[in-house]
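Visitor: Could you take me through this structure? I would like to begin with the overall make-up and then go into local detail.

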Amino acid sequence: MRMTALFPVLVAVLLVGAARADQVFQPPQSFLRQAFAGTVPDPAVVWLTGERMDAAARILGHRPHMLRVRYWGRSHRTAWILEEIGKERPITTGVVIDGGRIERVAVLVYRESIGWEVRYAFFTDQFENVRLTDDLRLNKAVDGISGATLSVRAVTNVARLALYLDGQTPHGQ
Amino acid sequence: MPWLALPVGLTLAMAAGLANAQPTPDEMWKMIQKQQQQIEMLRQRLEGTNKKVEATATAVEKAGTGGGAPGWWQRTSLGGYGELHYNGGDADELDYHRFVLFFGHQFNDRLRLFSELELEHALAKDTSDGSGPGEVELEQAWLEYDVTDRMSARAGLSLIPVGILNETHEPPTFYGVERNRVESNIIPTTWWEGGAGLAYKFDNGLRLDAQVHGGLDVPTTGSNAFKVRNGRQKVAKSTLRDPAYTGRVRYTGIAGVELASTLQYQADMTQGDPGDPRTNALLWEAHVDMKRAISDRATLGLRALYARWDLGGSAAAATGRDEQYGWYVEPSVRFKTGHGDVGFFARYSQDDNTAGDNTDSDFREISVGMNYWVHPNAVLKFDYQFQTPPDGQGTTRDNRANLGLGYQF
């Protein structure tokens with residue numbers, strides 16, 4: 001039957017290449033060096049207690065599993081590396097905030113086979129200069145990506161959470 | 001005794017004086033040293049308390065994520081969707097149209113399983129004449145393997161990469177209670193087959209899919225002769241003498257926009273069944289799906305799709321089904337409110353399973369309606385259909401209202 005001829009071709013294809021299912025687009029240390037022009041400050045911690053935990057839960061749509069969030073800050077600038085699940089696996093996203101506005105959003109590590117388009121500039125550039133409103137929403141609409149709704153939602157919620165937490169640090173007040 | 005007054009008075013004065021006396025430098029130095037010791041003790045206690053708090057937080061966070069090496073339950077996912085429909089008009093029917101469960105499993109970093117089991121119409125009975133209302137179907141069961149960062153291979157039973165709804169049809173993702181006529185009758189959604197394929201992702205948002213899989217096996221006589229929807233075999237002891245070849249190009253490199261086109265060829269959509277005429281078939285489909293924000297609370301949507309089959313051979317031509325096509329346009333607008341999202345849509349569609357003959361057999365339909373997303377994954381739906389069936393084809397107009405409840409997780 002004609003289909004059996006394809007089998008050796010498929011096996012040959014599978015043997016080719018060295019796959020990295022966790023796609024690292026930018027290592028976290030490289031992201032931080034870029035955010036702070038080479039000199040990365042020591043990390044500090046924001047504790048998610050009381051009102052902060054409630055706000056984080058409202059933003060993410062679920063209670064975060066972490067009690068502490070690490071960040072790096074200097075003057076009016078903070079950088080955050082946060083993880084949030086897209087469809088089934090976490091997306092590692094970096095957010096740089098300066099003066100209460102997002103300067104940059106970057107997908108650092110992507111672990112799923114669909115929704116990968118969120119890493120591209122056509123999507124992440126939409127977050128530049130965006131602030132958080134009083135009701136914890138972004139002050140500008142972000143267009144999604146067809147077929148990547150859950151990944152878009154995860155990255156958008158991480159951007160909102162980073163803006164909120166920035167306001168809870170000495171650098172954002 | 002007056003002689004006591006002086007010594008008592010002197011003693012009291014000395015006591016008062018002693019009470020107000022400043023400590024000596026020696027005494028002060030001893031006090032400072034004692035306080036220093038107490039400060040050091042408190043500092044060590046605080047350091048110890050901070051360490052315990054950090055350790056507790058770490059333990060709580062690890063417990064929340066399972067900690068340690070991931071067990072099978074952390075690599076296995078469960079999902080699903082469901083929809084309850086009321087169809088008015090001539091149907092007057094209440095139906096739990098679909099109850100679907102997804103099971104996924106990540107075997108390792110490269111290899112994963114997608115599967116989908118579906119119960120249609122709530123009850124599947126095993127009757128001698130097959131007259132039960134429902135069906136239990138395996139709609140997906142395929143493995144995906146990451147060959148490289150950009151290329152993946154798949155094999156198993158999976159959805160054909162064609163159209164808008166064929167791969168994504170969870171209720172909160174589309175307007176209208178029922179799936180539109182064009183994708184149901186022409187694509188024909190939902191269409192799955194057994195086979196294998198490759199997918200390649202470019203840096204600019206372009207994706208290519210190529211698959212070889214089981215083909216359609218259409219009836220060649222009767223009222224459904226050569227109708228594509230009636231050719232779906234569902235990988236249930238399917239006849240496979242002539243596979244089908246499907247290629248799709250899809251572009252999502254602009255935020256909020258999807259452009260895609262699919263081409264499929266099958267050498268014989270009667271699968272060489274004895275007595276059936278050999279009938280090759282070519283499907284071409286193209287669509288655009290756009291969602292663009294016009295404010296921080298409103299998004300405009302537009303879907304437009306065209307699909308066309310060309311069947312070879314004189315037997316299909318004799319029935320007029322050598323050409324089957326359909327198209328639709330669906331603008332929409334969606335608003336964020338304080339209590340979920342509300343969306344409104346209108347759709348004009350035209351489809352014809354017998355476009356190869358000279359009679360006007362287009363079925364035209366206008367649908368209008370709304371969705372209310374109580375939650376992004378749970379939706380209430382309403383629509384009204386204005387139908388214009390073709391004249392003299394035995395199909396009567398059935399304008400109807402439909403209500404639906406749907407969810408996904």
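**Chain A, chain B and their contact**

Guide: Chain A has a secondary structure of 5 helices and 6 strands, where helices (H or I, at least four residues) and strands (E, at least two) are DSSP runs numbered from the N terminus. This is a predicted model, in which local features need pLDDT of at least 70, side-chain atom pairs count only at pLDDT 80 or more, and totals for chains, interfaces and linings use all residues. Residues are numbered from 1 along each chain as its sequence is written, while chains are lettered from A and ligands numbered from 1 in the order in which they are written.

Visitor: What scores does the model have for ipTM and pTM?

Guide: The ipTM is 0.77 and the pTM is 0.83. For chain B, the mean pLDDT is 91, and 93% of its residues reach 70 or more; pLDDT is the predictor's confidence in each residue, from 0 to 100.

Visitor: Back to chain A, then. What pattern does it follow along the sequence?

Guide: Chain A reads α-β-α-β-α-β-β-β-β-α-α.

Visitor: And which of its strands pair with strand 3?

Guide: Strand 2 (residues 43–47) of chain A pairs with strand 3 (residues 68–74) of chain A in the antiparallel sense, over 5 bridges. Strand 3 of chain A also pairs with strand 4 (residues 77–85) of chain A, again antiparallel, over 4 bridges. Two strands count as paired if DSSP finds at least two bridges between them.

Visitor: Which residue is the bridge partner of A:P43?

Guide: That partner is A:W72, in strand 3 of chain A. On the pairing with strand 4 of chain A, A:G73 stands opposite A:T78.

Visitor: How many residues lie between strand 3 and strand 4 of chain A?

Guide: There are 2 residues between them, and the two strands form a hairpin. A:S75, in the turn, has a positive phi of about 55°.

Visitor: How much of chain A is buried?

Guide: Buried residues account for 36% of the 173 residues in chain A. A residue is buried if 20 or more other C-beta atoms lie within 10 Å of its own, exposed if 12 or fewer, and partly exposed in between, with C-beta atoms placed from the backbone.

Visitor: Changing topic: how many residues does each chain bring to the contact?

Guide: Chain B brings 37 residues and chain A brings 34 residues; two residues are in contact if their C-beta atoms, placed from the backbone, lie within 7 Å. On the side of chain B that touches chain A, the largest share, 5 residues, comes from helix 2 of chain B. The residues of that side divide into 12 nonpolar, 12 polar and 13 charged. Here Ala, Val, Leu, Ile, Met, Phe, Trp, Tyr, Cys and Pro count as nonpolar, Asp, Glu, Lys and Arg as charged, and the others, Gly among them, as polar.

Visitor: Where in chain B is the backbone unusual?

Guide: Most residues other than glycine have a negative phi, and most peptide bonds are trans. The peptide bond from B:I187 to B:P188 is cis, with omega near 0°, and the bond from B:T189 to B:T190 is also cis, with omega near 0°. B:P188 lies in the loop between helix 3 (181–185) and strand 6 (192–201) of chain B, and B:T190 lies in the loop between helix 3 and strand 6 of chain B.

Visitor: And B:Q271, is that buried or exposed?

Guide: B:Q271 counts as buried, because 23 C-beta neighbours lie inside 10 Å. Its phi is near 55°, a positive value in a residue other than glycine.
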